[in-house]
Amino acid sequence: MTTILPLGLLDKAISSRVWILMKDDREFEGTLRGFDDFFNMVLENVIELDGGKKNKLESILLNGTQICLIVPGGEIS
């Protein structure tokens, strides 16, 4: 059985769409452009869902300490 570590999984998701849930209940969907060892992430072509409001953003830097869940290939419904 092959073990895939979290950073390895994220590395495979570079240039793919990801869905991210933050600790403050905000959600982001965007194309993953990069990340570091602390899970700080850069997303492009982002849709932010905050309290039922959808906002489109060109890019965003997310603080890894505030991320709860990362779903490669995920979409905001």
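**Charges, compactness and a buried glutamate**

Mentor: In this predicted model, the mean positions of the 8 positive and 12 negative charges of the protein lie 4 Å apart.

Trainee: What makes a residue count as positive or negative here?

Mentor: Lys and Arg are taken as positive and Asp and Glu as negative, and on that basis the protein has 8 positive and 12 negative charges.

Trainee: Which elements make up the protein, and in what order do they run from the N terminus?

Mentor: There are 1 helix and 5 strands, and from the N terminus on they follow the order α-β-β-β-β-β.

Trainee: Why is the protein called as compact as a globular protein of that length?

Mentor: Its radius of gyration is 12 Å, and the globule rule gives 11 Å for 77 residues; the two values are close, so the protein is as compact as a globular protein of that length. Along the principal axes, the C-alpha trace spans about 40 × 20 × 20 Å.

Trainee: Why is Glu29 called buried?

Mentor: Buried means under 20% relative accessible area, and Glu29, with a relative accessible area of 8%, is therefore buried. Of the 77 residues of the protein, 31% count as buried, and Glu29 itself is found in strand 2, which covers residues 27-35.

Trainee: What makes the pairing of the Glu29 and Arg17 side chains a polar contact?

Mentor: A polar contact requires a pair of N or O atoms within 3.5 Å, one able to donate a hydrogen and the other to accept it, and the side chains of Glu29 and Arg17 are joined by such a contact of 3.3 Å.

Note on methods:
Residues are numbered from 1 along each chain as its sequence is written. This is a predicted model: local features need pLDDT of at least 70, side-chain atom pairs count only at pLDDT 80 or more; totals for chains, interfaces and linings use all residues. Side-chain values use heavy atoms; hydrogens and water are left out. Helices (H or I, at least four residues) and strands (E, at least two) are DSSP runs, numbered from the N terminus. The radius of gyration is taken over C-alpha atoms; the globule rule is 2.2 Å times the number of residues to the power 0.38. Buried means under 20% relative accessible area, exposed over 50%, partly exposed in between (1.4 Å probe, protein chains only). The place of a charge is taken as NZ of Lys, CZ of Arg, CG of Asp or CD of Glu.
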